[in-house]
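The report below goes through one protein chain, moving from its overall form to individual residues. The sequence and the structure come first.

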Amino acid sequence: MTALQDAIEADPATEIVVDLDHRLVLADAARLKAPFDIDDYTRWRLMEGLDDISLTLRHVDAITAFERTRPAFFPVTT
């Protein structure tokens, strides 16, 4: 990673690519590759573009079914 940082400091316009598929940070102009660790779940979420709300919305049918079973005097969510 030091070589990558040195390349960026030498040329702040250096294009950096984060390759989640191969878990690499690339600086093509300097021909540098730096592997990085990322857990599988976080990697999957980033690759699928999922945030907490979008993960919740994957269960909208189950949420709707649950809301229908709640007593009428409870607050309604929309």
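Ile53 is a convenient place to begin in this predicted model, since it can be placed both in an element and in relation to a residue elsewhere in the chain. Ile53 sits in helix H3, which covers residues 52-57, and its C-alpha atom is separated by 38 Å from that of Arg31, a residue 22 positions away along the chain. Ile53 has a relative accessibility of 59% and therefore counts as exposed, the cut-off for that class being over 50%.

Arg43 belongs to helix H2, made up of residues 40-48. Is Arg43 buried or exposed? Its relative accessible area is 18%, so Arg43 is classed as buried, given that the limit for burial is under 20%. Leaving aside residues up to four places away in sequence, Arg43 touches Leu20, Asp21, Arg23 and Ile38.

Turning to aromatic side chains, a search of the whole structure yields two aromatic pairs. One of them joins Phe73 and Phe74 in an edge-to-face arrangement, with 4.7 Å from centre to centre and 75° between the planes. Of these two residues, Phe73 is exposed, whereas Phe74 is partly exposed.

The accessibility values discussed so far are collected here.

| Residue | Relative accessible area | Class |
|---|---|---|
| Ile53 | 59% | exposed |
| Arg43 | 18% | buried |
| Phe73 | 68% | exposed |
| Phe74 | 36% | partly exposed |

For the chain as a whole, the secondary structure consists of four helices and three strands, which follow one another from the N terminus in the order α-β-β-β-α-α-α. How does the radius of gyration of the protein chain stand against that of a compact globule of 78 residues, and what is its value? The chain has 22 Å, while a compact globule of that length would be near 12 Å. Along the principal axes, the C-alpha atoms occupy a box of roughly 65 × 20 × 15 Å.

Burial and contacts can be read alongside these dimensions. Among the 78 residues of the protein chain, 19% count as buried, and of the contacts with a separation of 6 or more, 13% are between residues 24 or more positions apart. The surface that the chain exposes comes to about 6500 Å², with carbon and sulfur atoms supplying 58% of that area.

As for charge, the protein chain carries 8 positive and 15 negative side chains, and the centres of these two sets lie 8 Å apart.

Definitions and conventions:
Residues numbered from 1 in each chain as written. Predicted model: local features only at pLDDT ≥ 70, side-chain atom pairs only at ≥ 80, totals over all residues. Heavy atoms only, no water. Helix = DSSP H or I, 4+ residues; strand = E, 2+ residues; numbered from the N terminus. Rg over C-alpha atoms; globule rule 2.2 N^0.38 Å. Buried < 20%, exposed > 50% of the residue type's maximum accessible area, 1.4 Å probe, protein only. Contact = heavy atoms within 4.5 Å. Areas by Shrake-Rupley, 256 points an atom, 1.4 Å probe, with all protein chains shown as cover. Lys, Arg positive; Asp, Glu negative; His and termini not counted. Charge placed at Lys NZ, Arg CZ, Asp CG, Glu CD. Phe/Tyr/Trp six-rings, centres within 6.5 Å; stacked < 30°, edge-to-face > 60°.
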